[in-house]
Amino acid sequence: MSTYPRVTPRRTKVGLVAGGLGAYWPQFPDLLPQLRRSSARVAERMRELDCEVVDVGFISDAQEGAAAAERLREAGCDLIVGFLTTYMTATMLVPVAQRSGAPVLLINLQPTESMEHATFDTGQWLAYCGACPLPEMANAFMRCGIPFRSVSGYLEDERAWQKISRWVRAAGVRAALRHGRHGLMGHLYPGMLDVATDLTLVSANLGGHVEVLEFDDLRVRVEKVTDAEVEERTRVARDVFELADSVNEEDLSWAARVSVGLDRLVADFELDSLAYYHRGLDGEIHERLGAGMILGASLLTARGVPAAGEYELRTSLAMLIMDRLGGGGSFTELQALDFARGHVEMGHDGPAHLAISSRRPLLRGLGVYHGKRGWGVSVEFDVTQGPVTAFGLRQARDGRFGFVVSEGEVVSGPLLQIGNTTSRVDFGCDPGEWTDAWSASGISHHWALGTGHRAADLRAVADLLDVDFVPVQPA
């Protein structure tokens with residue numbers, strides 16, 4: 001995809017405040033300098049997590065905590081990290097949590113794995129006492145209605161830093177949703193009750209904005225695409241894809257023209273994701289636009305602007321979440337169950353996440369798009385073999401969103417060659433048992449399939465968004 005580079009996501013902004021009880025400083029003169037050194041090391045490690053760190057320094061009492069809270073509120077952080085260096089009172093951090101408008105993670109990282117008990121005095125012990133106030137913070141946060149989460153370890157504890165990194169990634173995904181602009185173009189595929197989404201609930205559950213678009217918004221942009229631009233986009237397509245003999249040059253040129261127009265649509269409306277569908281009639285322009293979307297939508301998805309067909313807004317959001325976690329995330333549904341091999345076959349026609357293909361993706365010409373009007377070029381590949389995560393957003397009867405998640409492995413085996421993405425996934429159980437459990441979760445019939453086992457990251461994102469987390473892993 002070097003000829004068609006990824007978008008640059010917004011950097012995650014993390015606020016950092018460290019603290020300890022000011023009454024200790026005159027009693028133990030060496031303590032505060034040591035704690036400040038620990039705080040500096042934490043700030044250094046935080047900056048290595050590919051985020052912008054807003055470090056408001058060290059607080060010693062409630063007044064300084066309130067001042068830090070104001071600075072962090074003004075900074076507009078995506079996550080606040082409170083570093084408990086030693087004992088400190090809850091009143092020092094509760095204002096930070098209440099006023100910042102961002103989720104808070106408390107970390108307790110003592111200087112080393114263990115104290116030197118035979119030689120330590122009281123002041124040296126207090127540098128290891130960050131665990132002491134953690135239950136106090138949890139109690140106070142809960143009584144104030146503030147979600148509580150923490151990581152305990154020591155300064156160079158890689159296990160702890162992996163957990164901290166997970167929370168930072170989750171905060172970045174939350175920010176992408178809260179700041180996101182999500183396009184919804186066309187109309188619902190007739191009869192798909194599960195796909196229908198209350199647009200207000202997107203903002204209520206995830207934040208962000210849904211931009212309602214017409215296919216005419218795309219049409220007027222496609223009409224302005226020049227022949228030179230079509231030629232260049234066709235060259236990109238030939239660089240990125242292998243072309244099957246069935247690809248018609250006229251259809252490829254049309255897909256390239258729509259792709260350029262689609263890029264302009266995304267740029268003009270500043271979209272971070274797109275879901276679309278239009279039925280069309282008898283080869284008229286809107287039908288041709290809908291049929292010509294697959295190339296451009298796949299290129300956009302690989303760049304980090306996920307595009308999903310069949311008006312699947314919640315799945316385009318799931319694809320965005322998976323992409324920001326580094327797993328790609330391709331538009332997916334059930335295709336068949338292979339009981340002989342113990343595999344679930346899943347994939348979809350239409351756009352796909354090219355960056356997670358096991359090979360150079362194929363463009364295949366199709367005279368018929370099953371279940372849809374029109375004809376043209378379609379994408380065919382299977383996801384890279386290895387760990388994968390199936391992930392979708394459900395909308396429950398009460399309006400709450402939920403993350404439905406299941407980890408498996410993409411494995412080898414025979415694949416259909418019909419212009420669809422198809423992957424064989426082994427979930428470690430009977431494919432029928434998995435399918436029943438997955439369906440019973442309340443998921444719609446579309447979701448994102450991404451590389452890597454991402455359940456832990458997705459659980460952290462669900463926590464920050466206060467949405468349900470629904471793991472599906474039958475025995």
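## Salt bridges and a helix pair: worked exercises

R424 has a relative accessibility of 3%, so it counts as buried. Keep that in mind for Exercise 1, and remember throughout that this is a predicted model.

**Exercise 1.** Find the salt-bridge partner of R424 and work out where the two residues sit along the chain.

*Solution.*
- Step 1: look for the acid. R424 pairs with D338, and their closest N and O atoms are 2.9 Å apart.
- Step 2: place both ends. D338 belongs to strand 11 (residues 328-338) and R424 to strand 17 (residues 420-426), so to speak distant parts of the chain, 86 residues apart.
- Step 3: check burial. The cut-off for buried is under 20% relative accessible area. D338 comes in at 8%, so it is buried, and R424, at 3%, is buried as well.
- Step 4: look at a network elsewhere. Salt bridges with shared partners connect R41, E44, R45, E48, E156 and E158. The structure holds 32 salt bridges.

**Exercise 2.** Take the salt bridge between R219 and D216 and decide how the two residues are spaced and whether they are buried or exposed.

*Solution.*
- Step 1: get the distance. The closest N and O atoms of R219 and D216 are 2.8 Å apart.
- Step 2: count along the helix. Both residues are in helix 9 (residues 215-222), and because they are three residues apart, about one helical turn separates them.
- Step 3: classify them. Partly exposed covers the range between under 20% and over 50%. R219, with a relative accessible area of 23%, is partly exposed, and D216, with 32%, is partly exposed too.

**Exercise 3.** Describe how helix 10 and helix 11 pack, and find a salt bridge that ties them together.

*Solution.*
- Step 1: start with the geometry. Two packed helices are described by the angle and the distance between their axes. For helix 10 (residues 227-240) and helix 11 (residues 249-268), the angle is about 105 degrees and the axes are 8 Å apart.
- Step 2: name the arrangement. Helix 10 and helix 11 are therefore roughly perpendicular.
- Step 3: list who touches whom. Helix 10 contributes D227, E229, V230, R233, T234, A237 and R238; helix 11 contributes E249, L252, S253, A256, R257, S259, V260, D263 and R264.
- Step 4: sort the contact residues. Five are nonpolar, three polar and eight charged.
- Step 5: spot the bridge. The side chains of R233 and D263 form a salt bridge, N to O 3.0 Å. R233 is in helix 10 and D263 in helix 11, so this pair ties together parts 30 residues apart in sequence.
- Step 6: check burial again. R233 and D263 are both buried.

Definitions and conventions
Residues are numbered from 1 along each chain as its sequence is written. This is a predicted model: local features need pLDDT of at least 70, side-chain atom pairs count only at pLDDT 80 or more; totals for chains, interfaces and linings use all residues. Side-chain values use heavy atoms; hydrogens and water are left out. Axes are lines fitted to C-alpha atoms, for helices over the stretch in contact, and angles run from 0 to 180 degrees between N-to-C directions. Helices (H or I, at least four residues) and strands (E, at least two) are DSSP runs, numbered from the N terminus. Angles under 35 degrees count as roughly parallel, over 145 as roughly antiparallel, 65 to 115 as roughly perpendicular and the rest as oblique. Contact means heavy atoms within 4.5 Å. Ala, Val, Leu, Ile, Met, Phe, Trp, Tyr, Cys and Pro count as nonpolar, Asp, Glu, Lys and Arg as charged, and the others, Gly among them, as polar. A salt bridge is a side-chain nitrogen of Lys or Arg within 4 Å of a carboxyl oxygen of Asp or Glu. Buried means under 20% relative accessible area, exposed over 50%, partly exposed in between (1.4 Å probe, protein chains only).
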